[in-house]
Structures are given as C-alpha cells and as structure tokens.
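Work through the exercises below with the model open. Each task is followed by a solution in steps.

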Amino acid sequence: MSSDPWGRVDETGTVYVRTADGEQVVGSWQAGSPEEALAYFERKYEGLVVEIGLLEKRVKTTDLSSKDATAAIDHLRQQVDEHHAVGDLAALRVRLDALVATVGARREERKVLKARQAEEAKASKEALVTEAEQLAQSEQWRSAGERLRALVDIWKGLPRLDRKSDDELWHRFSHARSAFSKRRKAHFASLDAQREEARKVKEKLVTEAESLARSTEWAATAARYRDLMTEWKAAGRAQREAEDELWNRFRGAQDVFFAARGEVFAERDAEQGENLKVKEEIAAEAEKLVPVKDLKASRAAFRALNERWEAVGHVPRDARPKVEGRMQAVERALQEAEESEWRRTNPEARARAAGLTGQLQAAVDKLRGQIDAARASGNNARADKLSRELEGRQALLDQALKGLEEFGG
C-alpha cells in the first residue's frame, strides 16, 4: 500500500482522496504500482488547477459573459465533486466559490454599465432626433442633406434601446428626414419651373440681341443693350447648360455690335483729335486779337477765324468746353470793346450823361449853400442832416462824372 498527504492506494488497487468529510474513492488502478496510480490522479488534480487558473484569468481580463463563466464553473465544480483527482479539493472549491462571487460582481457591474450605456445611447439618439427635426426646417439643402446622412451613420453606430423607446425615436428621426426630403423636392421642383421660365425669357432676349448685332444706330442700340442686360439679370438663372449656351449667344451678339461701334468710334476719335488740334490753332490766333486795338480790323479777323472754326468738325467731348471757352473769351472781349466804343461815340448818350451830371452838380452846390446857411444860423442839427444827404448826392455825381469821361470828356 502507498500513500501521500492527499490520497492512498489500498491492496486491491482502490485509490482514495482525503477530504474534510473523510476518504472518498477516486477510482481503481490495476495496471501498475500504487505510486503510478497516485501520480496519475495527482496529474488530474493539477489539470483542474490549471483549468481553474485559466478561468480565473478569463473572468478578470476578458469580456467572458456571466452565462459562459457560470457554465464553466459548474463544469469544474462537477469534476471536483466527483472526486476523480488526488489533491486539496477543498482549496479548489474555495477558488470556485470565489469565482462565483467575482462573476456575480462582474454581472452587477455590467448591469450598471449596460444601464448607463443605454441612458447614454438614449440621450445620444434623442439629440440626433432633435438635430434632425431642426434640420428638417432648413433651406441649406446641400449641407443639411449631408448632415442628415451623417446622422443616419451615427444612429447605426449606437446600441439599440428597448424596443418601444427605439421605435419611437426612430419614427421621429425618420419623419424628420422625410419632411426635409419633401421640402427639398418641392423647392427644386419650383426652382426647375422658375429656370424653365427664365430660359424662355432669355431666349427672347437673345433673339432680340442677335437682331441688333449689325445695327449702326450706335446710341439707341447701346441703350437697348443696357436695357436687355437689366432684363437678363432680372429673369433669374435657367438650367446650367441652357444658361451657358444662351449667355454665349447673348454676349456674342453684344460683342459683334460693340466691336463694330468701337471701330467706328476709334476712327471718329482719331478724326476729332485732329479737329481739336486745328481748333486749338484757331483759338491761339484769335487770342492774339486781345487786347483790341483796332475794333474794325479785329472784328473782321475774328469773323474769318470763326468761319474756319465752323468748318472744322467735332472735337472730343471732354476737350470741347476748354477750347470753345477760349474762342468765347475773345468774342466777349470784342463785344466789350464794341460796347465801349458805342458809348464813347453816341451823342445822345453823351448828352444824357452830361445833363445828369449838370443836375447832380447843381444839387450838390445847392446843398452846400444850405449847409453853410444852417451853420451860420446855429442850426447844426439841420446842417448835419443836409451833410448826410450831400454825401449821397456827391457819390452819385462822382459816378456820373466817371461815366461822362468814357465819352471822351
């Protein structure tokens, strides 16, 4: 008979394991020595130790489910309870009991975690629904559409809730997406109708623009093209392909007209530039007539220059005021000289001026006599009043004398 601290083999080959409840039969061994029998069942014990150790590690370090962990514990406990191994079976039961407690604690932790995750998932889905319902009212069709598609992907990545809550939130989410899609479809349908109407209007504008392309009514046609451009902008945009094709035709017609007008205007500008040089030369000749020395000769010379001036064509608009102003200044100088000569040689005007001067001189002399008399009698108040009146009459007399001098004395 052979034995060790945890088991023995009797003379019949029966193997026993020692437990707190006494010896328990492990099995029978007939193929070898008692030592070999004990070694065999000790290895079975070591195998159980390894399996329990592996299970402990899996429970602590992996996401092994409580159900699978419990099944594994029950399987190992059954092997321990059946006493098919030699070793400290009570220690194995203690470890299995500790595993049961650990699995229970993990189960509770997972329940709490699952509940928290469910709340977080619900809050996340409610936030997605709220955002989707806000986006459903947006008119930023592209960005809102892209965001709604992104929200669907986010939704798919979230855990499912209880069926009732999940279905209710999904219904709101789906309804918001549908409402946005309907509004967007209606918007683009309306936009298509507007673009079709714009296309019809612009086709008419293009037809008119093309009919004007060869016009030589430069001012009227340019003004009409400006009106057509205003109408074009007011018509709105047609479909892209139609818009581009119509715009190219519209712009092309304008280009033909304005290119032709540009050539004509360039020729005209060159001609007017030459005309300006000629008129500047004439104005320079006219300016030599001032100051006027011989009125008759200057007037004749100016008439000749003016005839040459009128024979010259148009000058550039921006240069016209300056060059015409030079001729007008000479003409005004001639008119002033003519008026001065007329006043100087007009006997009737001279006689009137002389008569007026004589009247004023008599009035001044009379006032002076009255002033002297008033002062001599001591009536200074009257003398002062008459002196003020004298000042006014003297001023008129001085002016009349100056006018009389213009008549030659």
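**Exercise 1.** Decide whether Trp141 is buried or exposed in this predicted model.

Solution. Step 1: the relative accessibility of Trp141 is 11%. Step 2: the cut-off for buried is under 20%. Step 3: Trp141 therefore counts as buried. Phe180, at 1% relative accessibility, counts as buried too.

**Exercise 2.** Classify the aromatic pair of Trp141 and Phe180, and state which parts of the chain the pair ties together.

Solution. Step 1: the ring centres lie 5.7 Å apart, with 40 degrees between the planes. Step 2: planes under 30 degrees apart count as stacked and over 60 as edge-to-face, so the pair of Trp141 and Phe180 is tilted. Step 3: Trp141 lies in helix H4 (residues 141-157) and Phe180 in helix H5 (residues 163-212), so the pair links parts 39 residues apart in sequence.

**Exercise 3.** Do the same for Trp232 and Phe250.

Solution. Step 1: the centres of the two rings are 4.6 Å apart and the planes meet at 20 degrees, so this pair is stacked. Step 2: Trp232 belongs to helix H6 (residues 218-234) and Phe250 to helix H7 (residues 240-287), so parts 18 residues apart in sequence are tied together. Step 3: Trp232 and Phe250 are both buried.

**Exercise 4.** Judge whether the chain is a compact globule or more spread out.

Solution. Step 1: the chain has eleven helices and four strands. Step 2: its radius of gyration is 62 Å, whereas the globule rule gives 22 Å for 409 residues, so the chain is more spread out than a compact globule. Step 3: along the principal axes, the C-alpha atoms fill a box of roughly 185 × 80 × 40 Å.

Terms used. Residues are numbered from 1 along each chain as its sequence is written. This is a predicted model: local features need pLDDT of at least 70, side-chain atom pairs count only at pLDDT 80 or more; totals for chains, interfaces and linings use all residues. Side-chain values use heavy atoms; hydrogens and water are left out. Helices (H or I, at least four residues) and strands (E, at least two) are DSSP runs, numbered from the N terminus. The radius of gyration is taken over C-alpha atoms; the globule rule is 2.2 Å times the number of residues to the power 0.38. Rings of Phe, Tyr and Trp (its six-membered ring) pair if their centres lie within 6.5 Å; planes under 30 degrees apart count as stacked, over 60 as edge-to-face and the rest as tilted. Buried means under 20% relative accessible area, exposed over 50%, partly exposed in between (1.4 Å probe, protein chains only).
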